[in-house]
Amino acid sequence: MEGIVVRLRAAGCVFAEEEARLLLGWASSPVELDAGVAKRVAGYPLEYILGWAEFAGLRIALDAGVFVPRRRTELLVKEAVRVLSARRLPEAGEGLSPGRGTGQPQSAGAAGAAGAAGAGSGDASVAPYGATGRRGPAGAASVYEPGEGAQSGAGVVVVDLCCGSGAAGAAIVSRVPGLELHAADIDPVAVRCARRNVDLPGGWVHQGDLYGALPAGLRRRVSVVIANAPYVPTAEIATMPREARDYEPRLSLDGGPDGLDLQRRVAAGASDWLAPGGHLLIETSRLQAEHTAAIMAAEGFEVRTVRSDELEGTVVVGRASGRRPRV
């Protein structure tokens with residue numbers, strides 16, 4: 001243990017002790033352990049070695065070449081659950097009432113990989129609807145603890161765009177049982193991986209470019225669209241940690257010159273798929289949040305921005321207002 005920790009720490013692994021414990025638990029022989037440690041020292045993502053990542057209290061199956069779910073994306077899950085729990089949605093009949101979910105997510109055990117950790121219950125600051133990216137009076141957001149959510153999602157359709165491993169969609173379903181979940185990604189490797197994690201009644205994974213991957217019958221039926229679309233500006237990819245820039249697929253990172261190319265497309269197409277009063281939630285960065293909110297407002301959404309310092313996450317939440325943007 002001590003020797004592995006020394007090697008990992010020298011390679012720059014911040015959570016060397018925890019990573020060493022995970023590798024010791026993973027390896028079936030000293031030879032396999034040494035090979036795994038050597039890969040990690042070389043910068044290979046720990047989650048690829050283990051074959052899973054911890055996310056929002058779940059153990060998410062992960063294949064090499066698939067975007068590793070980050071802890072900050074738990075804020076996207078929290079806000080989606082909050083929307084589903086708080087609002088009466090047209091597809092839900094009598095609506096959803098807040099309460100304890102009945103899902104039993106598989107425990108992931110110890111966290112430790114960079115970018116993968118368990119759910120936290122920290123504070124999030126919220127700018128109200130209509131703020132269009134500007135900070136309004138901040139207050140404490142209501143956030144779930146693991147297992148907390150709506151009592152039933154029967155009849156409610158949720159779409160997870162740029163789903164990667166399917167982690168966010170799977171976490172939402174674990175807290176709102178009975179949802180109809182449609183996850184989509186353009187990368188066939190990610191789609192194969194997501195099908196392992198979205199393996200539940202009412203869950204589908206589609207391959208294709210954003211909304212083009214979805215069945216036509218979902219138009220105007222979707223209650224919530226979530227999107228963790230790539231938002232790293234192209235020029236900044238070279239500055240990312242080596243496990244991301246060298247091993248994760250570029251198409252899961254590169255958001256174009258300003259990082260907002262995919263977000264523009266997601267916002268522009270959402271109104272054709274959302275039911276009246278539906279919501280669009282987009283993960284973004286603190287620096288880009290004002291621009292993300294402006295993009296969504298220009299497409300006719302009433303927007304608010306949510307920030308969690310604990311999760312280091314930022315999400316812009318848009319509510320469909322029913323009015324089409326002026327051309």
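## Briefing: rings, a pocket and the helix packing

A good place to start is Trp52, whose ring has the charged end of Arg59 sitting over it, 4.0 Å from the ring centre. Please keep in mind that this is a predicted model. Its chain has 327 residues, and 55% of them are buried. The notes below go from the whole chain to the aromatic rings, then to a pocket, two helices and a few backbone details.

**The chain as a whole**

- The secondary structure consists of 10 helices and 12 strands.
- Among contacts with a separation of 6 or more, 68% join residues that are 24 or more positions apart.
- The chain has an accessible surface of about 13700 Å², and carbon and sulfur atoms contribute 52% of that surface.

**Aromatic rings**

- There are three aromatic pairs in the structure. A pair of this kind is described by how far apart the ring centres are and by the angle between the planes.
- One of the pairs is Tyr44 with Tyr48, which is edge-to-face, with 5.7 Å from centre to centre and 65 degrees between the planes. Tyr44 and Tyr48 are both buried.
- Tyr44 also pairs with Tyr247, again edge-to-face, at 5.1 Å centre to centre and with 85 degrees between the planes.
- This second contact links distant parts of the chain: Tyr44 belongs to the loop between α3 (30–41) and α4 (46–50), while Tyr247 belongs to helix α8 (residues 242–247), 203 residues apart.
- Tyr247 has 30% relative accessibility and so counts as partly exposed, whereas Tyr44 and Tyr48 are buried.
- Taken together, Tyr44, Tyr48 and Tyr247 make one aromatic cluster.
- Tyr44 has a charged partner too: the charged end of Lys39 sits over the Tyr44 ring, 5.1 Å from the centre of that ring.

**The second largest pocket and Gly164**

- The second largest pocket holds about 410 Å³ of space.
- Its lining is made of 32 residues, and those nearest the pocket centre are Cys162, Cys163, Gly164, Asp185 and Asn228.
- Three elements, β6 (157–161), α6 (167–175) and β7 (180–185), each give two or more residues to the lining of this pocket.
- Gly164 is found in the loop between β6 and α6. With a relative accessible area of 7%, Gly164 falls under the 20% cut-off and therefore counts as buried.
- Setting aside neighbours within four places in sequence, Gly164 is in contact with Val66, Asp185, Ala190 and Ala194. One of these partners, Asp185, is also listed with Gly164 among the residues nearest the pocket centre.
- Gly164 and Leu62 are 102 residues apart along the chain, and 9.5 Å separates their C-alpha atoms.

**Helices α9 and α10**

- Helix α9 has these buried residues: Leu262, Gln263, Val266, Ala267, Gly269 and Ala270. They are covered by elements including β6, β9, β10, α10 and β11.
- In helix α10 (residues 289–298), the buried residues are Ala289, Thr292, Ala293, Ile295, Met296 and Ala297.
- The packing partners of the buried α10 residues are α9 (261–270), β10 (274–284), β11 (301–308) and β12 (313–320).
- A useful reminder when looking at such lists is that an α-helix has 3.6 residues a turn, so residues three or four places apart point the same way.
- Just after α10 comes Gly300, which has a positive phi of about 95 degrees.

**Positive phi outside glycine**

- Most residues other than glycine have a negative phi, which makes the next two residues worth a look.
- Leu210, in the loop between β8 (203–207) and β9 (222–227), has a positive phi near 50 degrees. Leu210 is buried, with a relative accessible area of 8%.
- Glu312, in the loop between β11 and β12, is not a glycine either, yet has a positive phi of about 55 degrees. Glu312 is exposed, with a relative accessible area of 58%.

**Arg195 in α7**

- Arg195 is part of helix α7 (residues 188–197). Its relative accessible area is 46%, so Arg195 is partly exposed.
- Arg195 and His206 are 11 residues apart along the chain, with 9.0 Å between their C-alpha atoms.

Key. Residues are numbered from 1 along each chain as its sequence is written. This is a predicted model: local features need pLDDT of at least 70, side-chain atom pairs count only at pLDDT 80 or more; totals for chains, interfaces and linings use all residues. Side-chain values use heavy atoms; hydrogens and water are left out. Helices (H or I, at least four residues) and strands (E, at least two) are DSSP runs, numbered from the N terminus. Buried means under 20% relative accessible area, exposed over 50%, partly exposed in between (1.4 Å probe, protein chains only). Contact means heavy atoms within 4.5 Å. Accessible areas come from the Shrake-Rupley method with a 1.4 Å probe; for residues, only the protein chains shown count as cover. Rings of Phe, Tyr and Trp (its six-membered ring) pair if their centres lie within 6.5 Å; planes under 30 degrees apart count as stacked, over 60 as edge-to-face and the rest as tilted. A charge sits over a ring if NZ of Lys or CZ of Arg is within 6 Å of the ring centre and within 35 degrees of the ring normal. On a 1 Å grid over the protein atoms alone, a cavity is a set of points where a 1.4 Å probe fits but cannot get out, and a pocket is an open set with protein on both sides within 12 Å along at least five of seven lines; lining residues have an atom within 4 Å of a point. Grid points are joined across faces, edges and corners, and a volume is the space filled by probe spheres set on the points.
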